[in-house]
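Hi,

Here is the structure I promised to pass on to you. Have a look at it first, and then read my notes below.

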Amino acid sequence: MPTTIITGRDLTLTIASTNYDAQATSAVLSNSPTIETYQTLDGKAYKHIDDQWTFDVSMLADWGASGSLCEALWSATESAPNTTLAASLTAATGAVWACNILPTFPSVGGSAPDAQTVSLSFQVVGTPTETFS
């Protein structure tokens, strides 16, 4: 069977009913499970007890631009830090992962003469849902 190479194709963040998707350069949804290990008389036993999901996004900074994602994230974090934002990630194959994330302040600044970039690590609330095509 030939190797299939999958690329990330689309990321959408929804803030106050507005979709943002133009600035992302990288998006990674990852899980860090909590697994307890118990030593029994028969040997080790493992129990998966929790999942901690994060959604890491790298993007080009767009401060001051019309419809700025950086400014929307800043405002959402400042005004409603405990209110989740909708996010979805689509692979080139059409598989989609949707989740709710807590807003976080984007960083400000960068090195000259490079383009300003922002790296964000969002806390996912709940478990992402997937739709495989």
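What follows is a short tour of what turned up, strand by strand and then inside.

Keep in mind that this is a predicted model. A good place to begin is the pairing of the strands. Strand E4 covers residues 43-60 and strand E7 covers residues 117-131, and the two pair in the antiparallel sense over seven bridges. If you want a spot to click on, take Met-59, whose bridge partner in E7 is Val-118.

E7 also pairs with strand E6 (residues 96-101), again antiparallel, and here five bridges join them. Two pairs of residues help you find your way along this stretch: Ile-101 stands opposite Val-124 in E7, and Val-96 has Thr-131 in E7 as its bridge partner.

E6 has another antiparallel partner in E5, to which six bridges join it. Val-96 turns up here too, since Thr-90 of E5 stands opposite Val-96. E5 and E6 make a hairpin with four residues between them, and Gly-94 in that turn has a positive phi of about 100°. For background, most residues other than glycine have a negative phi.

E5 is also nice to look at side chain by side chain, as they alternate along the strand. Leu-85, Ala-87, Leu-89 and Ala-91 point to one face and are buried, while Ala-86, Ser-88 and Thr-90 point to the other face and are not buried.

Now for the inside. The largest nonpolar core has 23 residues, and the ones that touch the most other members are Ile-15, Phe-55 and Ile-101. At least two residues of this core come from each of strand E1 (8-15), E4, helix H1 (69-79), strand E5 (85-91), E6 and E7. H1 gives the most, with five residues. As a general point, nonpolar side chains in soluble globular proteins tend to be buried together.

Which residues does Phe-55 touch, leaving aside those up to four places away in sequence? The list includes Leu-11 and Leu-13, then Ala-27, Val-28 and Leu-29, and also Ala-87 and Leu-89. Ile-101, Leu-120, Ser-121, Phe-122 and Val-124 are on the list as well.

There is one cavity of 30 Å³ or more in the structure, and the space in the largest cavity comes to about 30 Å³. Its lining is made up of Leu-11, Leu-13, Tyr-20, Asp-21, Gln-23, Ala-24, Val-57, Met-59 and Leu-69. E1 and E4 each supply at least two of these lining residues. By type, the lining splits into seven nonpolar residues, one polar and one charged. You will recognise Met-59 from the pairing with Val-118, and Leu-11 and Leu-13 from the contacts of Phe-55.

Last stop: the loop between E6 and E7, where you will find Pro-113. The peptide bond from Ala-112 to Pro-113 is cis, with omega near -5°, and in general most peptide bonds are trans. Ala-115 lies in this loop too. Is Ala-115 buried or exposed? Ala-115 counts as exposed because its relative accessibility is 52%, and the cut-off for exposed is over 50%. Ala-115 and Ala-61 are 54 residues apart in sequence, yet their C-alpha atoms are 7.8 Å apart in space.

Cheers

Technical notes: Residues are numbered from 1 along each chain as its sequence is written. This is a predicted model: local features need pLDDT of at least 70, side-chain atom pairs count only at pLDDT 80 or more; totals for chains, interfaces and linings use all residues. Side-chain values use heavy atoms; hydrogens and water are left out. Two strands pair if DSSP finds at least two bridges between them. A nonpolar core is a set of buried Ala, Val, Leu, Ile, Met, Phe, Trp, Tyr and Cys residues joined through side-chain atoms within 4.5 Å. Buried means under 20% relative accessible area, exposed over 50%, partly exposed in between (1.4 Å probe, protein chains only). Contact means heavy atoms within 4.5 Å. On a 1 Å grid over the protein atoms alone, a cavity is a set of points where a 1.4 Å probe fits but cannot get out, and a pocket is an open set with protein on both sides within 12 Å along at least five of seven lines; lining residues have an atom within 4 Å of a point. Grid points are joined across faces, edges and corners, and a volume is the space filled by probe spheres set on the points. Ala, Val, Leu, Ile, Met, Phe, Trp, Tyr, Cys and Pro count as nonpolar, Asp, Glu, Lys and Arg as charged, and the others, Gly among them, as polar.
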